[in-house]
Amino acid sequence: MNGRLEYRFDPKRVATPSYVIDEGLLKENLEVLASVRDRAGCKVLLALKCFAMHAVFPLLAETLDGICASSPHEARLGREEFGREVHTFAAGYSEADIRDLCETSDHIVFNSFAQLDRFRPLVRELAEAAGRNIELALRINPEHSEGATPIYDPCSPGSRLGIRRAQFDADSLDGITGLHWHNLCEQDADCLERTIEAVERNFSDVLPRMKYVNFGGGHHITRPGYDVDLLVSLITRFKKKWNVEVYLEPGEAVALNAGYLVAEVLDVVQADMPVAIMDSAVPCHMPDVIEMPYRPHIVGSGEVEEKAWTCRIGGPSCLTGDVAGEYSFDHPVRTGDRLVFTDMAIYSMVKTNTFNGIQLPSMYLFKPDSDAMTLVRSFGYEDFKNRLS
Ligand SMILES: *Cc1c(COP(=O)(O)O)cnc(C)c1O
C-alpha cells in the first residue's frame, strides 16, 4: 500500500483536529536522504522553519547532520533538542540576535557586507570568550530564477535575499569560510544544475577560497521521480572542482508526505452546493492552502464531479475564505465523519495560529511497526491566552 496517499492508522483513534506523523514514512524519507549524504559525501541539514516537531529530533539526528535556523529561537531549539550542527541565516540581525546566536549557532550566515562588518568583531569576541568556534558565511543571490512563484523565489526582481555579484566585494572576505545560496522551491535536480552553472559563472573567483558551500533548500529529493543520481553527481563534481564541502538544507524533503491532518465534520449546510464544515480552520491549521495557494488532498476524495457526491469543505472560523477546496466522494459526507488531509507535516504545525481563538491541533506520532498511536502534545485555553497580553 502506498502510505503516502492513503493512511494506515484508524483516524477514529485520535482526537480532532490533530496532526498525525507516520514515523515509518519519515524513516523512508530519511533513508533517501542518508543515501544522498553517503553517496555524495555531503552534509544534510533540516530547515526547522518547515518542520520542527522536536519529539522526532532524536530520530532525525541519527541521519541528518544538524539544522538550519531562521531566527535565534529556532537556533536555540536546534542547539537544545537536535544537538548537532546549527547554521543560522536571517535577512537581518540585531545586536541582541547576534549575542543570542553566539551561544547557539556554529555557523552564522550574513545577508550583506554591512551586517558582516558590523558584527564580525562581536562574534569573534563572544566566540573566544565562550571557547566556541563560530564560522561566518555570506549568502549570495545567484540571480538565476527557476520559475518558482514570485513570493517563493529568492531571485525574483527586487528580492532582498542574498548579495548580488555587483555588490559582492571579493576583497572583503576576512573570516568568511562559507558561501550560501537558496533559490529553489519544490524543484528537481536539473534546476540545481542550472543554478550551479550560474554561480560558477559569476563567483568563480570566490569559490576556490571557501571551505564549504551551502546549496540551500527547495530540493524535492524525496518526491517520487526526483533525479537523485543527478543530484549526487552534481555535488560530487562540485566538491572536486572547487575543493569544498557541500551542505544541503532541505525542509520539505525531510517530512514530505509523512504527516496528516485529521478533522471531524461538524455539520453539512446547503449553499450553492453542499458545504461540509469541519473542526479544523484552514487559515489556522493549513495556512499554506490559502497563502500558496493549493488544494490539499483528502484521502478517498476525487476532483469535482469525479465521484458521486460533490461538496465544498470549510472550517469553523469567521473567514469566508476558510475553505480547503471542492471535492467529490462516493457517499455524501455526514456529521461525525473524519476527513484525513495528506502531506500535512510540512509548513503546517510550524505555522499554526489561534485566529478566532480556534483550538490548536494535537500532535500524534504513529508507529506502523507496533501500531502504536502516541499523543505527543495537546493544547488548550492557556496556549491561546498566553500569546496575548
Ligand atoms: C525555506 C528555506 C529552506 C528550506 O526550503 P524547503 O523548500 O522547505 O526545502 C532552506 N534554506 C533557506 C535559506 C530557506 O529559506
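A residue is called buried when its relative accessible area is under 20%, exposed when it is over 50%, and partly exposed in between. With these limits in hand, one can take a first residue of this predicted model, Asp 190, which at 31% relative accessibility counts as partly exposed because its value falls between the two limits. The side chain of Asp 190 meets that of Arg 194 in a salt bridge, with 3.5 Å from N to O, and Arg 194 is itself partly exposed, at a relative accessible area of 35%. Both residues belong to helix H6, which covers residues 189-202, and they stand four residues apart, about one turn of the helix.

From this single pair one may step back to the chain as a whole, which is divided into domain 1, made of 11-20 + 258-386, and domain 2, made of 41-255. The C-alpha centres of domain 1 and domain 2 lie 33 Å apart, and the contact between the domains takes 15 residues from domain 1 and 13 residues from domain 2.

The interior can be followed next. The largest nonpolar core has 118 residues, and those with the most contacts inside it are Phe 51, Leu 60, Ile 313 and Phe 341. Helix H7, residues 228-242, gives the most to this core, contributing eight residues. Because domain 1 and domain 2 both give residues to this core, it lies between them. Leu 60 shows what such a position looks like in detail: when its neighbours within four places in sequence are left aside, Leu 60 is in contact with Leu 26, Leu 30, Leu 46, Phe 51, Phe 82 and Val 254. Apart from the largest core lies another one, of nine residues, among them Phe 89, Val 109, Leu 161 and Tyr 212.

The charged side chains form a further layer of the description. Side chains of opposite charge can pair when their charged atoms come close. In this model the count comes to 29 salt bridges, and the pair in helix H6 described above, Asp 190 and Arg 194, is one example of a salt bridge. Another is formed by Glu 326 and Arg 312, whose closest N and O atoms are 2.8 Å apart. Here Glu 326 lies in strand E13 (residues 323-329) and Arg 312 in strand E12 (residues 309-314), so this salt bridge ties together parts that are 14 residues apart in sequence. Glu 326 counts as partly exposed at 24% relative accessibility, and Arg 312 is also partly exposed, with a relative accessible area of 34%. A third example joins Arg 377 to Asp 383, with the closest N and O atoms 3.9 Å apart; Arg 377 is partly exposed at 39% relative accessibility, and Asp 383 is partly exposed with a relative accessible area of 25%. Elsewhere, salt bridges that share partners join Glu 23, Lys 27 and Lys 367 into one network.

Empty space can be described as well as packed atoms. The second largest pocket has a volume of about 690 Å³. It is lined by 21 residues, of which the closest to its centre are Ala 52, His 54, Met 349, Val 350 and Met 363. Helix H3 (72-82) and strand E16 (372-377) are the elements that give two or more residues to this lining, and H3 gives the most, with three residues.

Finally, a few places in the backbone deserve attention. A cis peptide bond joins Thr 16 and Pro 17, with omega at about -10°, and Pro 17 lies in the segment before strand E1 (18-22). A cis peptide bond also joins Met 292 and Pro 293, with omega at about -15°, and Pro 293 is found in the loop between helix H10 (288-291) and E12. That loop between H10 and E12 is also the place of Glu 305, which has a positive phi of about 70° although it is not a glycine; Glu 305 is exposed, with a relative accessible area of 63%. Asp 371, in the loop between strand E15 (362-367) and E16, likewise has a positive phi, near 60°, in a residue other than glycine. Asp 371 is partly exposed, with a relative accessible area of 42%.

Key: Residues numbered from 1 in each chain as written. Predicted model: local features only at pLDDT ≥ 70, side-chain atom pairs only at ≥ 80, totals over all residues. Heavy atoms only, no water. Core = buried A, V, L, I, M, F, W, Y, C linked by side-chain atoms within 4.5 Å. Buried < 20%, exposed > 50% of the residue type's maximum accessible area, 1.4 Å probe, protein only. Domains from an automatic or database assignment. Contact = heavy atoms within 4.5 Å. Salt bridge = Lys/Arg side-chain N within 4 Å of Asp/Glu carboxyl O. 1 Å grid on protein atoms, 1.4 Å probe; cavity = no way out; pocket = protein on both sides within 12 Å on 5 of 7 lines; lining within 4 Å. Points joined across faces, edges and corners; volume = space filled by probe spheres on them.
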